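Please open the model in your viewer and keep the selection panel at hand. The stops below are given in the order in which they may be selected.

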Amino acid sequence: MPGTTSTAPGAPGAGTSTGAPHPRRWIALAVIAVSQLMVVLDATIVNIALPQAQADLGISDANRQWVVTAYTLAFGGLLLLGGRIADYWGRKRTFIVGMTGFALASALGGLATTGGMLFAARALQGAFGALLAPAALALLTVLFTEATERAKAFAVYGAIAGGGSAVGLLLGGVLTEYADWRWCLLVNIPVAAIAIALALPLVPESRAHGNTRYDVPGAIVVTAGLVSLVYGFTKAAEDGWDATQTLGFIAAGVALLAVFVVIELRSNHPLLPLRIILDRNRGGAYLASTLIGAGLFGAFLFLTFYFQVVLQYKPLEAGLASLPVTAGVLIAAGGASQLMPRVGAKPLMVGGAVLAAVAMLALTQIDVDTSFLTLLLPAQVILGMGLGFTFVPLSSLALVGVPEHDAGAASATLNATQQIGGSLGTALLNTMYTSAVAAYLVGRVPNPVNQIEALVHGYRVAFAWGAALIVLAGLATLILVKVRKEDIPTGNTVHMG
């Protein structure tokens, strides 16, 4: 499930306050919670709507992944910059601008008449979400300065992040089935309007002091590099891996990412201080986060299509059928929180990767008439449990040995890696899917039976690649992470996967 930004409470990037508690802080928490719910909802609600949106706008199978990746690329690529802007420009101002922009982008998407228009709207949503999410979280750290109250506030925030995806699945199903897929985007407008109207009088302004320079070149270059890589993967689905355009865009993406590293090494105010990721334990955590995101985002996309296109579930039924993953996450997250102080982060993460990979391999056994109760239900619960056991320790592992002034950037980097991994993984798995479907149909009569069989074959291949990426995440954890359980930070860190 797509993540939302997280910042270590008390980190300078998040902002702190030494004055008396804000008198309307609990009402302000409700406003911030609404914004968080909107961002979390947007990931799953659009997944349920995607099959109808694809049919309505005539989007090809190769290009449909841009509905997901345009959002996650912009969100992940601009998240660190968004956090810096919120700190220095003003968190309330950034929150209002982010909320307004998110609503306008949602309107554009809801009124889209072409696939390109929908992709552009999703990219804008991601860009404004990269302003909104870190500003909202930073405001919490300013409003709640007492430890017990802060813990309660972050518990509310975390519960919304964890449960919001389930709400999105249900709401997406209801809106798509009983209204229209466009309302899955348009619903953000009244929500945002209410949040803005309440935020203006209730939420206080705050900002960090000191140098306010931004690493804009770094943000532009890393986002351009990632877009080029994803576009290269998309071209591979259309033209093949050895096509000139495919190789050209992939090579350009790699080159731009190399330029980004050079910019970060030379910048006095880097978007991503490389010391954060060069530590062995943190680097392993970020690599695992990227690979897990890559394996899972695409899997959720293909599950939605399998439910609606092959099994002929209605959108609401598809939403309900996807809930076991969320249930598994919630079950395992509670257990992981209790187990981590006893066993440490590494065993939980490796065990979580094994569970998730087993679940993905189980999903490679789907057929045109697979039983929900005997295969799809248990596979999704196990997948969710694998996620829960992985994401909880990841959030703490990302902060191991981080100096206080880097804590906010370290937490935000973890979320960015999930989004970026999801973008690359969705594009890669979609390419593998379309190639598998085309290969299956070679030499076969293109009748309805073979067409459906080809789709199922493509989904199986995508799930197998997803399992492979998750296994790689487990191996990265096993090889790179050496941290002891005594070294894991125990403060109020927040992370929602």
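Select Arg 444 and Tyr 440: the charged end of Arg 444 sits over the ring of Tyr 440, at 3.9 Å from the ring centre. This placement, like every other in the tour, comes from a predicted model.

A second arrangement of this kind is found at Arg 64, whose charged end sits over the ring of Phe 305, 4.0 Å from the ring centre. Keep Arg 64 selected and add Asp 61. The two residues form a salt bridge, with 3.3 Å between the closest N and O atoms. Is Arg 64 buried or exposed? Arg 64 counts as buried because its relative accessibility is 2%, whereas Asp 61, at 30%, counts as partly exposed.

Phe 305 leads to the next selection, Pro 51, which touches Phe 305 as well as Thr 304 and Gln 308. Pro 51 lies in helix α1, which spans residues 25-57, and is buried with a relative accessible area of 13%. Add Val 309 to the view: Pro 51 and Val 309 are 258 residues apart in sequence, yet their C-alpha atoms are 7.8 Å apart in space.

Next, turn to the aromatic residues. How many aromatic pairs does the structure hold? There are eleven. Select Phe 302 and Tyr 433, which form a tilted pair with 5.1 Å from centre to centre and 40° between the planes. This pair links distant parts of the chain, since Phe 302 belongs to helix α11 (residues 280-310) and Tyr 433 to helix α16 (residues 407-441), 131 residues apart. Phe 302 is buried at 0% relative accessible area, and Tyr 433 also counts as buried, at 1%.

Proceed to Phe 307 and Tyr 313. Their ring centres are 5.4 Å apart and their planes lie at 5°, so this pair is stacked. Phe 307 counts as buried at 0% relative accessibility, while Tyr 313 counts as partly exposed at 22%. To see the wider setting, select Phe 302, Tyr 306, Phe 307, Tyr 313, Phe 372, Tyr 433 and Tyr 459 together; these residues form one aromatic cluster.

The last stops return to salt bridges, of which the whole structure contains eight. Arg 282 and Asp 279 meet through their side chains in one of them, at 4.0 Å from N to O. Arg 282 counts as buried at 6% relative accessibility, and Asp 279 as partly exposed at 26%. Finally, select Asp 56, Asp 180 and Arg 182, which are joined into one network by salt bridges that share partners. Within this network, the closest N and O atoms of Arg 182 and Asp 180 are 4.0 Å apart.

Terms used. Residues numbered from 1 in each chain as written. Predicted model: local features only at pLDDT ≥ 70, side-chain atom pairs only at ≥ 80, totals over all residues. Heavy atoms only, no water. Buried < 20%, exposed > 50% of the residue type's maximum accessible area, 1.4 Å probe, protein only. Helix = DSSP H or I, 4+ residues; strand = E, 2+ residues; numbered from the N terminus. Contact = heavy atoms within 4.5 Å. Phe/Tyr/Trp six-rings, centres within 6.5 Å; stacked < 30°, edge-to-face > 60°. Lys NZ or Arg CZ within 6 Å of the ring centre and 35° of its normal. Lists of a residue's contacts leave out its neighbours within four places in sequence.
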